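Here is a short reading note for a colleague who has not met this structure before. The points are numbered so that each can be checked against the picture.

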Amino acid sequence: MSELAELHAHSSYSFLDGVVDPEDLVEAAAARGYGALALTDHNGLYGLPRFLEAARRAGVTPIVGAELTVEGSGPRTGAADPPGEHLVVLAASAEGYRALSRTIAAGHMRAHEKGKFVLGLDELAGAMPPRGWYVLAGCRKSPPAQALAREGPGGAERCVRALWERFGEALVLELIDTLDPADAVRNDVLARIGATRGIEVVATQAVHAIDPPTQRAAMVAAAIRARRTLGELDGYLPGAGPPLLRSARAQRARFARFPGVVDAAWELAQRCAFPVELVAPGLPRDVVTTGESDDDALWRLVSERAPRRYGPRHAERVAGAWAQLDHELAVISRLGFAGYFLVVSDIVDFCVREHIYCQGRGSAANSAVCYALGITNVDPVALGLLFERFLSPERDGPPDIDVDIEGRRRGGVVRYVYRRYGRERGGGGAGAGSAPARPVG
């Protein structure tokens, strides 16, 4: 791979804006000589798992980021040019990733309406961890670009100064050239401001497509998002089509009059590279409020319920059941996951009390503890199932207990989780009938 990075790219997880799946985006970047690529979907990190796996296979350095809407709370659908200004935030550390994730969640929760995102500049600046982020400003919807359109170069400089006061050296100005004449004017102004004020300037592309067919698909997606025909949207679409991922040679040629900005993007990418796979989800800890530890509470609950499944310890109905329970509880305690099992058990207990059909499934069925607690209904001891397929000190990552809940009453379960553990700590499920039980601590 050449020393070339793209720091602003959208996948199909930018709903009705990007149209390229993360895997195809990474494959195109690798084929065109990019050594690093950032995924910066709108107000979300939804495509990150697929992006990271694809980047690992392709040998491309993945950069975690998102393009956030600031100072605007309108929905992105139904408008030719959705309200709000945009800043791209790139995580530069594990803490930066966590802070970005929390900030995105808070922006969605604050909106109280699907499709909206509420985040102020001061809130964004307050959420920034030390040396955890870089904030890119310069696309058409960025605050400096909007100030330039309203007030001219002086307004753009005042806006950049205000951003610098909030973000300091984390602020980076991005130059984007989509072949629109307005881009050249904006880039000239931003490059001059960067040189005058000593602010880092990089070249990006705001990628929405990888080839002519996906450019056409992106135009159709924009029309659907705006609820307009392509003809009605003509004045709002880039004249040369949605930004395309250029080849390395074309990118350097396009920014030849701004020496160093393409190389500066690569240097910034190196500062943003960190091992994302080491960032594990924050599983619940210390959820018991009765004074006993989570380990003691889980041991007590299993001891109370296991006799219904296996009989008492001194007269077990399934040979080896209690020895298996002791083994699993020791592993759970050693790995610090007792709180997680308690939370999942509590959610299942709520379903049982309210006569809501639910069923644990997947690899959790290999756990005698899950069976004893009533989370699953398959006896792994009698069937000789291997617990280590579900949880083991040698395995990488936390346990994953999936619970199917009847679709008509899932909302009541989610509301219970919000009441019991707090809305900011509740994790929702994916799909119509399955909810991964992952309240986040």
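## Notes on the model

1. The side chains of threonine 214 and aspartate 211 make a polar contact of 2.7 Å. The model is a predicted one, and the distance is computed from it. Threonine 214 lies in helix α8, which spans residues 212-226.

2. Is threonine 214 buried or exposed? Its relative accessible area is 16%; the cut-off for buried is under 20%, so threonine 214 counts as buried. Apart from neighbours within four places in sequence, threonine 214 is in contact with Val19, Val20 and Ala209.

3. On the whole protein: there are 16 helices and ten strands. The chain has 441 residues, and 51% of them count as buried. Taken along the principal axes, the C-alpha atoms fill a box of roughly 85 × 45 × 40 Å.

4. Contacts across the sequence deserve a line. Among contacts with a separation of 6 or more, 74% are between residues 24 or more positions apart.

5. On surface and charge: the protein exposes about 19,900 Å², and carbon and sulfur atoms supply 53% of that area. There are 51 positive and 54 negative charges, and the mean positions of the two sets lie 4 Å apart.

6. In what order do the seven strands of the open sheet run? The order is β1-β2-β3-β4-β5-β6-β7, and the pairing is mixed. Strands β1 (5-6) and β7 (200-204) are the edges, each pairing on one side only. Strands of a sheet pair through backbone hydrogen bonds, either parallel or antiparallel.

7. At the β1 edge, two bridges join β1 to strand β2 (residues 36-39), and the two strands run parallel. Glutamate 6 has leucine 37, in β2, as its bridge partner.

8. At the β7 edge, strand β6 (residues 171-176) pairs with β7 over five bridges, in the parallel sense. Isoleucine 176 has threonine 204 of β7 as its bridge partner. Although β7 is an edge strand, four of its five residues are buried, so β7 is largely enclosed by the rest of the structure.

9. Histidine 86 belongs to strand β4. Its relative accessible area is 8%; histidine 86 is therefore buried, the cut-off being under 20%. A polar contact of 3.0 Å links its side chain to that of glutamate 67.

10. Which residues is histidine 86 in contact with, leaving aside its neighbours within four places in sequence? They are His42, Glu67, Leu68, Thr69, Val70, Cys139, Lys141, Ser142 and Pro143. Glu67, the polar partner of histidine 86, is thus one of the residues on this list.

11. Pro143, a contact of histidine 86, is also one of the buried residues of helix α5 (residues 143-151). The buried residues there are Pro143, Pro144, Ala145, Ala147 and Leu148. What covers them includes strands β4 (85-91) and β5 (133-137), together with helices α6 (153-167) and α7 (181-197). Just after α5, glycine 152 takes a positive phi of about 85 degrees.

12. To recap the two residues examined in detail: threonine 214, in helix α8, has a polar contact with the side chain of aspartate 211. Histidine 86, in strand β4, has a polar contact with the side chain of glutamate 67.

Conventions: Residues numbered from 1 in each chain as written. Predicted model: local features only at pLDDT ≥ 70, side-chain atom pairs only at ≥ 80, totals over all residues. Heavy atoms only, no water. Buried < 20%, exposed > 50% of the residue type's maximum accessible area, 1.4 Å probe, protein only. Polar contact = N/O pair within 3.5 Å; in protein donor to acceptor, adjacent residues only side chain to side chain. Contact = heavy atoms within 4.5 Å. Areas by Shrake-Rupley, 256 points an atom, 1.4 Å probe, with all protein chains shown as cover. Lys, Arg positive; Asp, Glu negative; His and termini not counted. Charge placed at Lys NZ, Arg CZ, Asp CG, Glu CD. Pairing = 2+ DSSP bridges.
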